[in-house]
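Hello,

Here is the structure for you to look over. My notes on ligand surroundings and pockets follow below it.

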Amino acid sequence: MTMRSKRRARRAFWIGIAYNGIGLGTAFFFLAPFFVGILASFRPSAESGRPPLPPWPLTGFSFDAYRTLDGFGAGIWQHTINSLIVSLGTVVLTVVVSVLAGYGFSRYRFPLKNVLFVLIIATLMIPFQSILTPLFIILAKLGLNNSLFGLMLIYVTLQLPFSVFMMRNAFDAVPKEIEEAARIDGARDIKLLARVLLPLVMPGVSTVSIFAFLNAWNEFLAALVLLSSNGNYTLPVLMTAVRAGRLGAIDWGAVQAGVTVMIIPCLFVFLLLQRYYMRGLMAGAVK
Amino acid sequence: MTIVPTAASVVLADIRKSFGSLEVIHGIDLSVTEGEFVVFVGPSGCGKSTLLRMIAGLEEVTEGEITIKGRDVTDLDPSERGIAMVFQSYALYPHMSVRENLAFSLKMSRTSVAEIDRRVAQASAVLKIDHLLDRRPGQLSGGQRQRVAIGRAIVRKPDVFLFDEPLSNLDAELRVSMRIELARLHRELGNTMIYVTHDQTEAMTLADRIVILRDGRIEQVGTPRQIYEDPANTFVAGFIGSPRMNLLRGRWVGPGRVRVSGVEIDVPLSVAAPPEGSEVEYGIRPEHVEIDRNARSGMPATVEFSEYLGGTRYIYTRLTDGQNLTVEDRTDIAIENGQSISLSRHAGKSLAFDGNGGRIR
Ligand SMILES: Nc1ncnc2c1ncn2[C@@H]1O[C@H](COP(=O)(O)OP(=O)(O)O)[C@@H](O)[C@H]1O
Ligand SMILES: [Mg+2]
């Protein structure tokens, strides 16, 4: 081996070390809070008042915290199911409405189209807290207060401006010729949308889904205002009860257990949908 | 190959198209014979694509009637017209394999699986894409994508194939080989084909009949030979042929005689001759002009410059009255820029056009 190539090899080695070191360091800062929270949730109740470091249980793993958590409200399962119903319902409704609206805005010509579109986007500027009272009154008039369906409708409403915008852009990116070729091939209406266009706007759909799920899953204020019976509470509302503690004593173990329960579906949804961000899906369609 | 005209395949009757208040197609009448290869050619923006898309059913017809195989299809859905279309941009379904791309229309019409397999195999054999069936469009070259797009049209067994500039995204070499392939395909399938292009070479080589369009109107319809040798007006004369036909200002001085640049030239006698002394245009193609070695009787001109292309040479000259005239020359006479020469014309190849550009014949 010559001097030159030896030096080059050594250089590559140190660059590799630095590259991986920086990567590991960054990953550590992202993952540390998860580990601290998840480990702390397995502390026995006797340890729950201890300082946060070290986070791991000192006297063996225990499910005390989860048992305590289950003692709040109507039981952790009930609240998780409430949250899942609301969040998944929000995702489905948002996707259906925004796909149809995005397709319409992208492909059809109708009067006042651009005005309407700007109006929809403009609602993003209204702080949602300011319309909470009217929303509450409307839902009450519809007989939907204290119902998960009512809450779902509110989440869909809040989610739609962004989602319609996303989906219009997604449809705009699909060349018109592909749609025309499909029409000549005999695909019409729903078939055209489902068999040809939907696969092409899947990145947009997955973005919209992830946002809709996370926002509905984590939303607190509207859920607190609208839901009045214990059995209907979603997880964020339950968590404030847990955080408020009983008789002034906060069980930090139960809080960590609740946080852990709340993280799992978010991770799941993200991992499930991110594979649809296939790069270069459109490559080869035209040109 | 000779086409035996059997029946009208596509008939356009006074077709008009407006986008908003702007009319872009101004009343087109055309009858395409069964099995004919018709090429729409014209400058960009003249309405070729719009006309083709109206036949396909992708664009609504503002006025007029379209008949395919004797059936009025003016208001039918594209899939029910018995047509297939190949787009300039290929427009393949990127999320499907080549096989699925080919099979899609058959699936939509609920064809049996066995029949789908048979037709896909047949089409891919004709186009030599059998080995690509399991790839995605993204993994294909431009030429291969174009074949798949054509294959997608073939499996439908349409009455009429529609092509919208299918070769313009290919590089020059591939374009020539695909052009030959298309001609072969037409021979083998024998379907009616309507082909849009702005490339006159494609039009001349592929067409049984050429339709020349300008600004939403038909300028002339005819075989490539008719269009080339017998153009109806100065637009057609100038549009087809490279280098362009020479069109020179002149004056009608008597029956069948035109004076150009001080020289009197014989043109075909005409029944509808213009009044004596009126302005006309005189047309002659570059290959019908010759450099006169010795005769002093020809048209005097000065060589401005020349282009040497191997087999031929284009000589750009200036006449005594300042007009330009191009000569296609196949001799190897030594020529220098600035040299004075004398030009003679092939007998019987001269054309005359009246003041509005219409042919005098
Ligand atoms: N969707 C449309 N809206 C408005 N004008 C159009 C539309 N499509 C085509 N045109 C106009 O119609 C004319 C003919 O267009 P086109 O058929 O595409 O021409 P070509 O294919 O011959 O280049 C052009 O002037 C073009 O601007
Ligand atoms: Mg065009």
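In this predicted model, an oxygen atom of ligand 1 is 2.6 Å from a side-chain N or O atom of B:Ser49 (polar contact: a pair of N or O atoms within 3.5 Å). Backbone contacts add to this: a backbone N or O atom of B:Gly47 sits 3.0 Å from a ligand 1 oxygen, and a polar backbone atom of B:Cys46 is 3.3 Å from one. Alone, ligand 1 exposes 560 Å², and the protein buries 58% of that (Shrake-Rupley, 1.4 Å probe). Helix 1 (residues 48–56) of chain B gives the largest share of the shell, three residues (helix: a DSSP run of H or I, at least four residues; shell: a heavy atom within 4 Å).

Now the pockets. The largest has a volume of about 890 Å³ (pocket: an open set of points on a 1 Å grid over the protein atoms alone, where a 1.4 Å probe fits, with protein on both sides within 12 Å along at least five of seven lines; lining: an atom within 4 Å of a point; volume: the space filled by probe spheres set on the points). Of its 25 lining residues, those closest to the centre include A:Arg107, A:Tyr108 and B:Leu58.

The second largest holds about 370 Å³. Among the residues closest to its centre are A:Phe128 and A:Pro161. Helix 6 of chain A gives the most to its lining, seven residues.

Residues are numbered from 1 along each chain as written, with chains lettered from A and ligands numbered from 1 in written order. Local features need pLDDT of at least 70, side-chain atom pairs 80 or more, while totals for chains, interfaces and linings use all residues; side-chain values use heavy atoms, without hydrogens and water.

Best wishes

Methods. Helices (H or I, at least four residues) and strands (E, at least two) are DSSP runs, numbered from the N terminus. A polar contact is a pair of N or O atoms within 3.5 Å; within protein, one must be able to donate a hydrogen and the other to accept it, and residues adjacent in sequence count only if both atoms are side-chain atoms.
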